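Biologist: I have a model on my screen and would like to learn how to read it. Could you walk me through it?

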Amino acid sequence: GKVSKVCGDFYVAGKNSKPFSGGVGMKNKTPLEQVASCLQEQLKYYGLLLEKMEEQKKIIDLADEKRLLAITEENDVMIGATRKLEEKIGSIFKGISEGERDAIVQATVKLRGQIETSLKKLIALEKVCEEALINEKSRINEQIEALQQKKNVLGKYGNAGEGKSWFSKKA
């Protein structure tokens, strides 16, 4: 699916498409509810990113540069959305007492653990994709080098026989 930003909300198109609120409508929620909502949205984005990274891995293997660029752009939008949610959490934390922060930290342990697990999976997939790209680059460089070697060999023959006709022009 394609990712786009719509009216301050982030929308991820594709199967089960639903806009994520990006923190909209949080004014009537407690700080805990606001933070939990942001964390849940982050978890959704990381789940989508995991799907996209799996797709990216396949695209790298297929050497589909156009699709790779498109999926990278989609990933960038989702990563931007998670950063905005992180900023929102930071602003919530700035406006509450230390006791409220501690209570929120305790209440969101499970959710934050799920996010951490997703991030570890994303990092592992990113490393796999990076290695696949390095291997693809190496393969392409080897092909270029082989072509350059052929060109050099053919270049040695390039001027051979110029100005020297071994055959009569009348033949």
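Biologist: Let me start with one side chain. Which residues is L125 in contact with, leaving aside its neighbours within four places in sequence?

Modeller: Contact here means heavy atoms within 4.5 Å. In this predicted model, L125 is in contact with L50, M53, E54 and K57, once neighbours within four places in sequence are left aside. L125 itself is found in helix 4. Take E54 as an example: E54 and L125 are 71 residues apart in sequence, yet the C-alpha to C-alpha distance is 7.4 Å.

Biologist: Is L125 buried or exposed?

Modeller: Look at the relative accessible area: a residue counts as buried when the value is under 20%. L125 has 10%, so it is buried.

Biologist: Let me try I104. Where does I104 lie, and which residues is it in contact with beyond its neighbours within four places in sequence?

Modeller: I104 belongs to helix 3, residues 98-107. Leaving those neighbours aside, its contacts are P31, L32, V35, F93 and I96. With V35, the C-alpha to C-alpha distance is 7.7 Å, across 69 residues of sequence. I104 counts as buried because its relative accessibility is 3%.

Biologist: How do I go from single residues to a core? Which residues touch the most other members of the largest nonpolar core?

Modeller: Think of a core as buried nonpolar residues joined through their side-chain atoms. The largest one here has 26 residues, and V35, L39, I89 and L122 touch the most other members. Helix 1, helix 2 and helix 4 each give two or more residues to this core, with helix 1 giving the most, ten residues. For a look at one of those members, click on I89: apart from neighbours within four places in sequence, I89 is in contact with V35, C38, L39 and Q42.

Biologist: And empty space? How much of it lies in the second largest pocket?

Modeller: Rolling a probe the size of a water molecule over the atoms shows where empty space is left. In the second largest pocket there is about 210 Å³ of space. Its lining has 13 residues, with L49, M53, I79, L122 and E126 nearest the centre.

Biologist: Which helix supplies the largest share of that lining, and what classes of residue are in it?

Modeller: Helix 2 supplies the largest share, five residues. Helix 1 (31-62), helix 2 (65-94) and helix 4 (109-157) each supply at least two. By class, the lining of this pocket has seven nonpolar, four polar and two charged residues.

Biologist: Now a backbone question. What is the phi of A63, and where does this residue lie?

Modeller: A63 has a positive phi of about 60 degrees, although it is not a glycine. You will find A63 in the loop between helix 1 and helix 2. With a relative accessible area of 42%, A63 is partly exposed.

Biologist: Let me step back to the whole chain. In what order do the elements run?

Modeller: From the N terminus on, the order is β-β-β-α-α-α-α, that is, three strands and four helices. Buried residues make up 26% of the 171 residues. Of the contacts with a separation of 6 or more, 64% are between residues 24 or more positions apart. The accessible surface comes to about 12300 Å², and carbon and sulfur atoms account for 55% of that surface.

Terms used
Residues are numbered from 1 along each chain as its sequence is written. This is a predicted model: local features need pLDDT of at least 70, side-chain atom pairs count only at pLDDT 80 or more; totals for chains, interfaces and linings use all residues. Side-chain values use heavy atoms; hydrogens and water are left out. Buried means under 20% relative accessible area, exposed over 50%, partly exposed in between (1.4 Å probe, protein chains only). Accessible areas come from the Shrake-Rupley method with a 1.4 Å probe; for residues, only the protein chains shown count as cover. On a 1 Å grid over the protein atoms alone, a cavity is a set of points where a 1.4 Å probe fits but cannot get out, and a pocket is an open set with protein on both sides within 12 Å along at least five of seven lines; lining residues have an atom within 4 Å of a point. Grid points are joined across faces, edges and corners, and a volume is the space filled by probe spheres set on the points. Ala, Val, Leu, Ile, Met, Phe, Trp, Tyr, Cys and Pro count as nonpolar, Asp, Glu, Lys and Arg as charged, and the others, Gly among them, as polar. A nonpolar core is a set of buried Ala, Val, Leu, Ile, Met, Phe, Trp, Tyr and Cys residues joined through side-chain atoms within 4.5 Å.
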